[in-house]
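Trainee: I should like to go through this structure with you and ask what stands behind each term.
Mentor: Please do; let us take the terms in turn.

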Amino acid sequence: MTRLFKQHQVRKTLSLDGYWDFYFPEEGTAIEYGKHEAGKVERILVPGVWESLNARKNYRGQAVAVTKFVLDESGAIRLVFKGVSHTGTVYLDGEEIGTHHNAFTPFSIHLSECSAGEHELAVHISNEHGEISALHIPNDYYNYGGISRPVELQCLQEATFIEHVHFTPRLEAGSWQADIKVAVRNMGADSKGSIEVSVAGAQAVLRDLELPAGLSNHELQMSFGEVTSWTPETPQLYSLSTKLNRGDETVDDLIERVGFRTVAVEGERILLNNEPVFLMGFNRHEDHPDYGCAIPLEMMEKDLQLMKELNCNAVRTSHYPNDERFLDLCDELGFMVWEENHARGFVLEEMQHPKFREQCYACNEEMVREHYNHPSILMWGILNECSSETEEGRAMYAEQFEQIKAMDQSRPTTYASCRHGGDICQDLPDICSWNTYYNWYGNGRVAERLEQTIKKQDAAGMAGKPFIMSEFGGGALPGFHDPIRRAKWSEDRQADILDEYLSVLLKHPRLAGIFIWQFCDVRVDEAWSMKRPRTMNNKGVVDEYRNPKLAYDVVKDYFGKGRQ
Ligand code: ADA
């Protein structure tokens with residue numbers, strides 16, 4: 001299942017999930033498409049990662065994944081990959097048809113003609129580090145290999161189809177309006193058609209539209225009568241149906257799910273539907289020992305139910321765009337989401353990787369374009385803990401914020417900084433966010449250190465803007481207890497660290513939100529293993545199997561009481 005709702009009634013879709021044949025090289029790390037059948041074959045369930053096989057637990061390299069599908073009728077098609085980890089080149093019947101970098105954003109390939117009958121679809125996949133990727137580097141989480149999110153075949157009635165629709169709600173004098181943008185891709189010759197949009201009982205039609213070859217954008221405004229606003233307490237969703245018509249015939253459609261809500265920043269507060277909100281939640285990685293980053297839907301739901309039980313209202317998708325089914329669940333369950341692009345902890349030299357700019361640009365574009373309609377996403381984040389203390393780094397932060405604002409003016413922006421010594425980018429985002437580990441990496445007192453951070457960063461450009469504590473926490477090895485609660489890595493010490501933090505943060509008037517680092521323990525790269533016992537980042541409040549640690553009840557209690 002690629003989404004939690006049906007996206008098409010007219011366009012035919014076929015899931016390509018299921019067993020795929022993965023060919024691995026016998027020795028070394030290289031395998032070539034075309035000669036792959038000489039390799040060793042394993043069947044892997046898609047979505048899935050090869051690390052789910054014990055024999056491939058530590059395999060970093062390449063594979064060729066192959067499946068077959070049958071087309072009943074010839075015609076235009078679209079292949080949609082929701083996530084290939086991390087770089088994939090796609091072949092249809094032996095011919096290269098596309099390539100994509102970055103595990104955490106979807107991509108699609110459209111073809112104006114594909115014959116009826118059986119076809120072979122193959123993806124040459126790599127999860128290697130080095131030249132190939134500026135974003136997937138050995139990191140404090142694991143870069144898995146595989147087809148980690150769903151794959152879908154779409155059979156188009158014509159070579160013209162609705163590529164995406166963006167819905168932007170506005171609240172004007174107490175009544176809801178919306179700006180709607182429809183992007184139509186025409187793979188054939190210039191033509192004409194009409195677009196019909198319906199949502200929440202309202203309808204609009206754009207008639208006699210020119211649909212030139214390539215991509216064309218069409219805009220309209222709509223007004224609404226009685227609708228229920230989307231809030232964490234009332235996460236009301238509406239179906240937005242868009243049809244492409246030729247005369248009386250509907251030749252293509254796209255259904256999205258939207259919510260009526262606005263997000264704004266006013267002084268130090270974040271406003272949802274003009275009311276201040278306080279974000280209280282976790283940083284969450286997509287990670288599980290059995291599934292890697294290819295978390296099944298049921299597991300995503302379980303994570304969110306646990307977060308509900310912990311009285312959270314928010315989640316940060318650290319450190320990359322998440323599976324859209326997770327975002328669908330957040331929309332339904334009323335979570336407020338900070339979604340961010342894929343970049344963690346780059347020093348300047350890493351930001352100067354020859355592919356960094358282009359890969360970040362693509363990631364931002366795909367993230368905003370594909371996740372635009374989720375009402376749960378309240379803000380876009382970029383470049384967690386990158387080089388915001390240098391002029392060169394600043395230029396990249398500025399450029400990426402500009403790129404995002406050009407695509408979406410309806411959401412505020414932020415980035416999580418740890419450059420306490422000399423961050424020079426605090427003027428760039430709408431919201432300033434800081435990662436601090438006052439009583440973990442250091443032994444400071446939270447109350448005192450927080451005042452110092454606020455004073456310093458207010459002077460450096462944070463004054464007058466919302467301030468989010470985007471990370472804080474400490475590590476605990478599951479089952480390790482220290483009766484006198486002093487030992488680092490004990491569950492007791494972790495519980496005390498969070499207790500001290502939460503007692504201070506939830507009382508402090510300057511904060512607009514807090515995100516604990518982190519929800520669950522996650523696997524890290526081998527390169528991090530010497531500072532990460534068990535080769536895991538152990539700062540989860542639940543372990544990697546989601547079993548609660550001592551800190552669980554502490555957090556539940558504080559979040560239950562909320563802001564003091
Ligand atoms: C950083 C970083 C996280 C994680 C954390 C930690 O703040 O953003 O990804 O590495 O530190 O556990 O130290």
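Trainee: What makes the pair formed by an oxygen atom of the ligand and the side chain of His-319 a polar contact?

Mentor: A polar contact is a pair of N or O atoms within 3.5 Å; within protein, one must be able to donate a hydrogen and the other to accept it, and residues adjacent in sequence count only if both atoms are side-chain atoms. An oxygen atom of the ligand lies 2.6 Å from an N or O atom in the side chain of His-319. The side chain of Tyr-441 has an N or O atom 2.3 Å from a ligand oxygen, and for Trp-517 the corresponding distance is 3.5 Å. As for how covered the ligand is, taken alone it exposes 320 Å², of which the protein buries 96%, with areas from the Shrake-Rupley method and a 1.4 Å probe, where for residues only the protein chains shown count as cover.

Before we continue, note that this is a predicted model, in which local features need pLDDT of at least 70 and side-chain atom pairs count only at pLDDT 80 or more, while totals for chains, interfaces and linings use all residues. Residues are numbered from 1 along each chain as its sequence is written, and side-chain values use heavy atoms, with hydrogens and water left out.

Trainee: Which residues around the ligand come nearest, and how is the shell divided by class?

Mentor: A residue is near a molecule or strand if one of its heavy atoms lies within 4 Å of it. There are 13 residues around the ligand, and Asp-140, Glu-385, Tyr-441, Glu-471 and Lys-539 come nearest. The shell holds six charged, four polar and three nonpolar residues; Asp, Glu, Lys and Arg count as charged, Ala, Val, Leu, Ile, Met, Phe, Trp, Tyr, Cys and Pro as nonpolar, and the others, Gly among them, as polar.

Trainee: Why are E13 and E17 called edge strands?

Mentor: Strands (E, at least two residues) and helices (H or I, at least four) are DSSP runs numbered from the N terminus, and two strands pair if DSSP finds at least two bridges between them. The open sheet has the order E13-E14-E17 with antiparallel pairing. Strand E13 (160–172) and strand E17 (214–223) each have a single partner strand, so one side of each lacks a neighbour in the sheet. On average, neighbouring strands here are turned by 15 degrees against each other, direction ignored; axes are lines fitted to C-alpha atoms, for helices over the stretch in contact, and angles run from 0 to 180 degrees between N-to-C directions.

Trainee: How do you know that E13 and E14 pair?

Mentor: Twelve bridges join E13 and strand E14 (residues 175–186) in the antiparallel sense, against a requirement of at least two. Pro-169 stands opposite Ala-178 in E14.

Trainee: What makes Arg-3 and Asp-328 a salt bridge?

Mentor: The term requires a side-chain nitrogen of Lys or Arg within 4 Å of a carboxyl oxygen of Asp or Glu. The closest N and O atoms of Arg-3 and Asp-328 are 2.9 Å apart, and the pair qualifies. This pair links distant parts of the chain, 325 residues apart: Arg-3 in the segment before strand E1 (12–15) and Asp-328 in helix H2 (residues 324–333). By this rule the count comes to 35 salt bridges.

Trainee: Which peptide bond before His-319 is cis, and where does His-319 lie?

Mentor: The bond from Ser-318 to His-319 is cis, with omega near -5 degrees. His-319 sits in the loop between strand E24 (314–316) and H2. Most peptide bonds are trans.
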